[in-house]
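Reader: I would like a close look at one helix-to-helix packing in this model, with enough of the surroundings to place it. Please also say where the prediction should be read with care.

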Amino acid sequence: MHEKQNTKLPLKEPKVESKETENSCNLKNLLPEPVYTRLLESNTGLHLKSPQELTEMAMIYYDEVALPKLVSDFGSLELSPVDGRTLTDFMHTRGLRMCSLGQVVKLSEKLSHVQSLCIHEMIVRAFKHVVRAVIAAVSDTGDLSILIAATLNMLLGLPDSGVSHSAIRVHFLVWRWLEVFLRKRYKWELTTSNYNDIRKYAILRGLCHKVGIELAPRDFDMDSNFPYDKSDIISLVPVHKQVACSSADARQLLESSKMALDKGFGKINCSLWSLSSDDCWSLQSFSCCSLSYWRP
């Protein structure tokens with residue numbers, strides 16, 4: 001009797017998915033179906049990348065393409081920020097983070113006005129946290145005006161010699177806060193020459209706009225120890241980031257003035273600015289942008 005030979009049925013080896021297929025499946029599970037479909041139909045091959053690879057590619061694009069392109073447009077007057085608000089709008093429109101202001105300063109070596117705007121905006125944002133912390137710590141609303149005025153005096157007034165920085169007229173605690181905050185938040189080293197060139201009225205305007213402080217309309221002596229009094233603080237108004245005035249007419253006038261400048265029609269550009277200033281006087285950001293494109 002012949003021994004029965006045990007025959008083993010061939011087992012199917014599990015199908016080994018390639019790395020790209022695995023990445024594609026992972027992205028399909030992570031992304032909503034319409035988003036993944038749009039990514040697949042873009043024919044860029046990005047759907048075959050892992051989330052880690054996509055993150056690294058996005059960071060490289062951000063640092064090597066997006067930020068230099070922004071600075072290039074500043075230099076060509078394609079974009080022309082006139083204050084911290086328009087600078088913020090331009091960066092947010094392109095999906096750029098405000099914590100990249102330090103990088104923008106480094107890339108704008110030949111654009112001193114852009115560097116000045118960025119440094120002012122960084123200082124305003126640093127002071128904003130101080131003022132908000134003071135307001136949040138107030139238990140009696142009757143003391144708000146006194147404490148806000150005292151905070152502004154400390155931030156923007158001239159301190160006594162005993163508490164002043166050795167090289168510049170600023171409170172040493174204020175200088176220390178600016179140094180640490182700008183270094184950690186914006187990767188920017190603030191120097192005494194940078195601070196000596198700041199315009200305190202521009203800092204005050206940006207600070208009031210971000211915090212919602214309404215000040216009395218008068219000239220403040222920025223070279224005094226106490227330029228602000230409690231009577232200068234009229235009120236606090238609510239601030240919402242997403243609420244901003246916009247006008248299609250003012251925007252159209254701005255674009256027309258830019259086209260007139262490109263064609264060399266300075267007088268027409270000035271007339272367009274005057275029209276936008278008269279008809280849309282409440283929308284000063286658009287009018288100021290238009291004015292900045294023509295300098296006699």
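Author: What follows takes one pair of helices in detail, then some single residues, then the confidence.

The model is predicted. The chain holds 13 helices and two strands. Of its 296 residues, 38% count as buried. Among the contacts in the chain with a separation of 6 or more, 60% are between residues 24 or more positions apart.

The pair in question is helix α6, residues 112–137, and helix α7, residues 144–156. Their axes lie 10 Å apart and the packing angle is about 155°. Angles over 145 degrees count as roughly antiparallel, and α6 and α7 are therefore roughly antiparallel to each other. The crossing of α6 past α7 is right-handed.

Which residues make this contact? On the α6 side they are F127, V130, V131, V134 and I135. On the α7 side they are L144, L147, I148, T151, L155 and L156. By class, the residues of this contact comprise 10 nonpolar and one polar, with no charged residue. Threonine counts as polar because it is outside the nonpolar and charged groups.

Helix α4 offers another place to look. T88 is found in this helix, and at 9% relative accessibility T88 counts as buried, the limit being under 20%. Setting aside neighbours within four places in sequence, T88 is in contact with M98, E121 and R125. Helix α6 covers residues 112–137, so E121 and R125 fall within its range by the numbering.

The loops on either side of α3 hold the next residues of interest. The loop between α2 (33–41) and α3 (51–75) contains N43, and S50 is found in that loop too. N43 is exposed, because its relative accessibility is 70% and exposed means over 50%. S50, in contrast, is buried, with a relative accessible area of 13%. The C-alpha atom of S50 is separated by 8.5 Å from that of E22, a residue 28 positions apart from S50 along the chain.

Backbone geometry gives N43 a second point of note. Most residues other than glycine have a negative phi. N43 is not a glycine, yet its phi is positive, at about 55°. L77 also has a positive phi without being a glycine, and the value is near 65°. L77 lies in the loop between α3 and α4 (84–93). With 37% relative accessibility, L77 counts as partly exposed.

Confidence is the remaining matter. The chain averages a pLDDT of 80, and 75% of the residues score at least 70. Helix α5, residues 101–107, has the highest confidence, at 95. The lowest is in helix α13, residues 284–292, with a mean of 40. Two stretches call for care. Over residues 11–16 the pLDDT is below 50, and the model gives this stretch zero contacts beyond near neighbours in sequence. Over residues 276–296 the pLDDT stays under 50 as well, but here the model has 44 contacts beyond four places in sequence.

Definitions and conventions. Residues are numbered from 1 along each chain as its sequence is written. This is a predicted model: local features need pLDDT of at least 70, side-chain atom pairs count only at pLDDT 80 or more; totals for chains, interfaces and linings use all residues. Side-chain values use heavy atoms; hydrogens and water are left out. Axes are lines fitted to C-alpha atoms, for helices over the stretch in contact, and angles run from 0 to 180 degrees between N-to-C directions. Helices (H or I, at least four residues) and strands (E, at least two) are DSSP runs, numbered from the N terminus. Angles under 35 degrees count as roughly parallel, over 145 as roughly antiparallel, 65 to 115 as roughly perpendicular and the rest as oblique. A crossing is left-handed if the near helix is turned anticlockwise from the far one by less than a right angle, and right-handed if clockwise. Contact means heavy atoms within 4.5 Å. pLDDT is the predictor's confidence in each residue, from 0 to 100. Buried means under 20% relative accessible area, exposed over 50%, partly exposed in between (1.4 Å probe, protein chains only).
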